[in-house]
Amino acid sequence: MTSITLRELADSLGARLEGNAGLTITGIAGLATAKISDISFLANKAYAKLLEQTQAGAVILRETEAHLFSGSKLIVEDPYLCYARLSRHFDASYDHVSGIHPTAVIDGKAEVGQNVSIGPYVVIGRGAVIGDEVSIGSGTSIGEGTIVGNRTRLAANVTVYHGVFIGEDCVVHSATVIGADGFGFAPDRENGGWCKIHQLGGVRIGNRVEIGASTAIDRGALEDTVIEDGVIIDNQVHIAHNCHIGENTAIAANCGIAGSTRIGRNCTMAGAVGIVGHIEITDNVHFTGMSMVTKSVSEPGSYSSGTSAVPTREWRKNAVRFNQLNDLATRLKALESKHN
Amino acid sequence: MTSITLRELADSLGARLEGNAGLTITGIAGLATAKISDISFLANKAYAKLLEQTQAGAVILRETEAHLFSGSKLIVEDPYLCYARLSRHFDASYDHVSGIHPTAVIDGKAEVGQNVSIGPYVVIGRGAVIGDEVSIGSGTSIGEGTIVGNRTRLAANVTVYHGVFIGEDCVVHSATVIGADGFGFAPDRENGGWCKIHQLGGVRIGNRVEIGASTAIDRGALEDTVIEDGVIIDNQVHIAHNCHIGENTAIAANCGIAGSTRIGRNCTMAGAVGIVGHIEITDNVHFTGMSMVTKSVSEPGSYSSGTSAVPTREWRKNAVRFNQLNDLATRLKALESKHN
Amino acid sequence: MTSITLRELADSLGARLEGNAGLTITGIAGLATAKISDISFLANKAYAKLLEQTQAGAVILRETEAHLFSGSKLIVEDPYLCYARLSRHFDASYDHVSGIHPTAVIDGKAEVGQNVSIGPYVVIGRGAVIGDEVSIGSGTSIGEGTIVGNRTRLAANVTVYHGVFIGEDCVVHSATVIGADGFGFAPDRENGGWCKIHQLGGVRIGNRVEIGASTAIDRGALEDTVIEDGVIIDNQVHIAHNCHIGENTAIAANCGIAGSTRIGRNCTMAGAVGIVGHIEITDNVHFTGMSMVTKSVSEPGSYSSGTSAVPTREWRKNAVRFNQLNDLATRLKALESKHN
């Protein structure tokens, strides 16, 4: 169990400490559930009343809320960011350096760095390069010539195809697939059906990229699919061949981005957004959940589509009218013209 | 091949038997395709006319339809439920107890129960506890300290992270990931980009839970993500960190539930429903397919959103009008006021 | 590195060659990025102006555009199809025949053909039949009695359950699951909750079928789920039990098709289309992205639903009006009747 004094936490966060500097903290928890050995935080003023009842040994909060808590506290500018930074201390899953399991099949022409953790039944192909302090979970497959940067962590049962580049300090969760073939087929008018277009590009992923579980990022047709530094991607996201995702963009679960689309920097996509292929989204665009994006977006801002669920009985009547909308509009116009 | 007499089937179902009690049944099939060695069933009156032509050796049906079939029959209250119960008899994939494959890597500090089936290349981490009669398919990874209850079946290539609790009599299908990190990041206003919030909670899954293929259930940020007893979840479902899914709720394929949302008991979600985070859905709510749920639901009943596909030519005209709806409504109101 | 003369390429494509027949080609690239050692192609007239600047050693183009390029060229009827055919030459990942890795666990009662590539930690169950020249990536699991046809390629970490039939010349990408249980449960009115319906059917997949990453095709309840010859399926597609997908149909990423639905031949589904269960879609139907398909379609053509993302501020006003649509229509009608 991790154990650290409040003074050490204050120093690591650059926080002003008020209260018991020698207090031993062994965990982090929400205000409502924290115990005396936990540190907690107030990120959202709406929860300030919990400060009166919390059992937390110490609380991280802003100067402006500091007077609301009489116990030990760390005063900072951004309690939520400090909570994020602290959370690393208490994540025991990051503590191991287990070496290379004897069952790992590492090609003689692959290079593996120092202080790595490579689990059972990992397979690393010819010419692959695995950086220092990389962690690879059991059953994960790394294709030929693929490069994995320092300190990157691949969970169990990840699949990275050949010719993929992954930068430093990345995280990739289980069942995620990087570098499978893009969905490229030419209609075969001579024989009917489809002729496969072999996907000869790769995938280039920057530094500090996090990719959730069961996500798929396809390799490019001729050039690479590109994910820039600092991009964060949730579970079950589909990124098609030749997409380009700009720095620090965040993509929530179940989103799908079709081929060759370019997303700018610092964009945020809520869950299940669908983006058509071959368009361009500028920087600082937000899409609300389940938006259907069919055109390029050149102005920053928030964009939406869809309608929210209502009782089925009401919905049915209105949904029928949707298919009469053009007719309704035409009739309204006709009526208006009678009044002019 | 499983073989059982009609009398034995009747006894196991508590059914009234009419006809040839000694008939040997070796399979179960629909009325249209059943052979003389099969038993079939009539669950939906609409198919009653198939009773005249079916080759089935015996049929399960209700008292009220019994006169429509002259062959051997089992008379029950709920033929569909009886079919479900019978289906277990004919599922050969449930018959094996294969022991522990010599290639399984089981940590010395893990505990494994009696009569288990553990396939090749399974990896079980330190402190994990595997119950009796558990079945684990090849390549599946069980993290440190994870608990798998008696008779639970994990298919091949499942990934269960550390600190996950799975109850008894559960089924988890391939490529599913339980306990990957929730999608938690704090905006880092000092350095730009995102700061990872390490996900320190776990996942707690009750008894008799079935989870389809390629589904992802994330671990909680501080507390656990919870799936209660009897929940059934289809393929490619995303359940974000700190969700709580109530007993016996059914979630069809491609649904996504964002973080900290609480779904009640006995809810049913058709395919591809999206539910926003931090809301609460009461018991006995049904969402029709592709619904976009943006607010808490406090009344039981059926809820819907979206519009159905129509010919693209017609759709295009109406979809354009959608973006004029507020204008149309305002103009209609203006016109109405001229008439008052 | 693959190396081939322009003459050999012309012969393999049946193209008319103009220019330097002895030119050595080592790669294929787009017009903008091609080097002198590459061949390129003009598939879309809109890019014709790139012909003036391209560094490509040779270009594939149509007779009608041939005069626009002064360098070496291959003249064909369908440059895009020729590009697709050529791409195979330059896909190094198809060149290996690596034999059977010693760690593969192949049941004594499985049959394996000639010239196969079977990677580390592959597991092949009892009674499975693996054809000639089949390639199976590391960690892939093949269930009991499953048949994999000649020249079919399964990537790493694929899961194929028992009793599945896969034809010849297919490709299946990583984390895809074929033959998991369909989502079949009977409401258990006696005990509450759900009673599992064991899924006794299999999956039958034709020849030349390509299936992307993280896709799930469930086994049938009593009969088989069927994917006909030449079907192409992208990533993260869900195909439920007892679906039937007709020849050469193309299904883009994130689509979901509910149980027992029958899709015709030569259909195309753009991304994230949802199709309800128990309906029938005729041949040659196209669904645009994110369409919600709730009824059978008996006429070929293009179908759509949904509305496109617009600025959230505008969307909000119109989305509110959606739920007043029936009221608006009724009021419009009332107003019209005053004018007659």
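Helices (H or I, at least four residues) and strands (E, at least two) are DSSP runs, numbered from the N terminus.

This is a predicted model, in which local features need pLDDT of at least 70 and side-chain atom pairs count only at pLDDT 80 or more, while totals for chains, interfaces and linings use all residues. Residues are numbered from 1 along each chain as its sequence is written, chains are lettered from A and ligands numbered from 1 in the order written, and side-chain values use heavy atoms, without hydrogens and water.

Q: In which strand of chain C is Ser117(C) placed?
A: Ser117(C) has 8% relative accessibility, so it counts as buried (under 20% relative accessible area; exposed is over 50%, partly exposed in between; 1.4 Å probe, protein chains only). Beyond four places in sequence, its contacts (heavy atoms within 4.5 Å) include His96(C), Gly99(C) and Val134(C). The strand that holds Ser117(C) covers residues 117-118 and is β11.

Q: Which residue has its backbone nitrogen 3.0 Å from a polar atom of the Ser117(C) side chain?
A: Leaving aside neighbours within four places in sequence, Val97(C), Ser98(C) and Ile136(C) are among the residues in contact with Ser117(C). The backbone nitrogen at 3.0 Å from the side chain's polar atom belongs to Ser98(C).

Q: How far apart in space are Ala29(B) and Ile39(B), C-alpha to C-alpha?
A: Ala29(B) sits in the loop between β4 (27-28) and β5 (38-41) of chain B, and at 9% relative accessibility it counts as buried. Its contacts outside four places in sequence include Ile39(B), Phe41(B) and, from chain C, Leu222(C). Ala29(B) and Ile39(B) are ten residues apart in sequence, and their C-alpha distance is 6.5 Å.

Q: At roughly what angle do the axes of α4(B) and α3(C) cross?
A: The helices are α4 of chain B (residues 325-338) and α3 of chain C (residues 312-322), whose axes come within 7 Å and cross at roughly 60 degrees. That crossing makes α4(B) oblique to α3(C). Contacting residues include Leu325(B) and Ala329(B) on α4(B), and Arg321(C) and Phe322(C) on α3(C). By class the contact has three nonpolar, three polar and two charged residues, and the crossing angle is roughly 60 degrees.

Q: Which residue of chain A comes closest to the rotation axis?
A: A turn of 120 degrees and a shift of 0.0 Å along the axis lays chain A on chain B with an RMSD of 0.1 Å. That is the relation of a three-fold axis. A rotation of 120 degrees also superposes chain A on chain C, with RMSD 0.0 Å. At 3.4 Å (C-alpha), the residue of chain A closest to the axis is Ala175(A).

Technical notes
Copies are superposed by least squares on the C-alpha atoms of residues with pLDDT of at least 70 in both. A polar contact is a pair of N or O atoms within 3.5 Å; within protein, one must be able to donate a hydrogen and the other to accept it, and residues adjacent in sequence count only if both atoms are side-chain atoms. Axes are lines fitted to C-alpha atoms, for helices over the stretch in contact, and angles run from 0 to 180 degrees between N-to-C directions. Angles under 35 degrees count as roughly parallel, over 145 as roughly antiparallel, 65 to 115 as roughly perpendicular and the rest as oblique. Ala, Val, Leu, Ile, Met, Phe, Trp, Tyr, Cys and Pro count as nonpolar, Asp, Glu, Lys and Arg as charged, and the others, Gly among them, as polar.
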